[in-house]
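Here are some notes for a colleague who is opening this structure for the first time. Please read them with the sequence and the model side by side.

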Amino acid sequence: KELQIQSCHFFNRKRRLDGFNCAGNGVVCREKIPCDNSSIIRLADGLSEDEGRVEVCHENEWGTVCDDHWNSADADVVCRQLGYTGGRPVWRAHFGRGTEPIWMDDVRCNGNESSLVECAFKGWRQHNCHHGDSAGVMCYLRKSCTSSFCVRLSEGNEEGFVQI
């Protein structure tokens with residue numbers, strides 16, 4: 001029931017200069033983590049973890065963002081929130097049409113925000129678009145870890161080898 005891997009007890013670890021030697025350990029996530037915080041965003045249906053349709057968590061439900069006025073400043077904020085150095089916007093449901101509620105429209109970031117929900121927008125679920133107008137991003141290089149260590153799955157968001 002631990003929420004972070006740092007809380008788990010590690011067995012049979014071999015200390016190396018560059019971390020732990022845990023070769024061959026993998027994980028498959030069977031349940032998607034429910035959203036419960038409006039500052040959480042994710043990328044959906046991209047070919048890799050650094051691209052996809054932008055989805056935001058609000059009222060415990062994932063929803064999409066409309067691409068009206070979607071630009072580089074908006075993409076940079078999304079990508080930086082996810083730990084990348086920046087990104088570029090894509091439009092017209094490039095990564096597929098969402099099926100969730102359309103939560104945000106007319107997003108206007110100035111580029112300095114630390115979270116997409118800090119940007120100006122029309123209001124929750126107030127929009128004049130459809131799922132064919134879903135906003136997406138292609139993010140640039142991931143930043144170096146700033147915490148004691150970072151964890152990711154080698155094959156994307158739901159399965160793969162655990163990389164620390």
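1. C139 has a relative accessible area of 8% in this predicted model, and because buried means under 20%, C139 counts as buried. Its disulfide partner is C79, with the two sulfur atoms 2.1 Å apart. The link brings together distant parts of the chain, since C79 belongs to helix α1 and C139 to strand β9, and the two positions lie 60 residues apart in numbering. C79 is likewise buried, its relative accessibility being 0%. The torsion about the S-S bond of C79 and C139 is about -80°, and the disulfide is therefore left-handed.

2. How many disulfides does the structure hold? There are three, and the pair of C79 and C139 is one of them. Another is formed by C66 and C129, whose sulfur atoms are 2.3 Å apart; this pair also links distant parts of the chain, with C66 in the loop between β6 (61-65) and α1, C129 in the loop between β8 and β9, and a separation of 63 residues. Both of these cysteines, C66 and C129, are buried.

3. C109 and C119 form a disulfide as well, with 2.0 Å between their sulfur atoms. Here both cysteines sit in the loop between β8 and β9, 10 residues apart, and both C109 and C119 are buried. The angle about the S-S bond is 100°, and the link of C109 and C119 is described as right-handed.

4. Helix α1, which spans residues 72-81, deserves a careful look, and its buried residues are D74, A75, V77, V78 and C79. The elements that cover these buried residues include the strands β4 (41-44), β5 (51-58), β7 (87-90) and β9 (136-139). At the N-terminal end of α1, N71 acts as a cap, with a side-chain oxygen 3.0 Å from the backbone nitrogen of A73. Just after the helix, G83 adopts a positive phi of about 95°.

5. Which residues have the most contacts inside the largest nonpolar core? They are V54, V65, W70, V78, V107, L116 and V137, in a core of 20 residues. At least two residues of this core come from each of β4, β5, α1, β8 (102-104) and β9, and the largest share, four residues, is supplied by α1. As a general point, nonpolar side chains in soluble globular proteins tend to be buried together.

6. V78 is a useful residue from which to view this core, being one of those with the most contacts inside it and one of the buried residues of α1. When neighbours within four places in sequence are left aside, V78 is in contact with I41, L43, V54, W70, L116 and V137. Of these partners, V54, W70, L116 and V137 also appear among the residues with the most contacts inside the core.

7. A final point concerns A44, which lies in strand β4. Is A44 buried or exposed? Its relative accessibility is 11%, so A44 counts as buried. Apart from neighbours within four places in sequence, A44 is in contact with G52, R53, E55 and F95. The C-alpha atoms of A44 and G96 are separated by 8.7 Å, although these two residues are 52 residues apart along the chain.

Key. Residues are numbered from 1 along each chain as its sequence is written. This is a predicted model: local features need pLDDT of at least 70, side-chain atom pairs count only at pLDDT 80 or more; totals for chains, interfaces and linings use all residues. Side-chain values use heavy atoms; hydrogens and water are left out. Buried means under 20% relative accessible area, exposed over 50%, partly exposed in between (1.4 Å probe, protein chains only). Contact means heavy atoms within 4.5 Å. A polar contact is a pair of N or O atoms within 3.5 Å; within protein, one must be able to donate a hydrogen and the other to accept it, and residues adjacent in sequence count only if both atoms are side-chain atoms. A nonpolar core is a set of buried Ala, Val, Leu, Ile, Met, Phe, Trp, Tyr and Cys residues joined through side-chain atoms within 4.5 Å. A disulfide is a pair of cysteine sulfur atoms within 2.5 Å.
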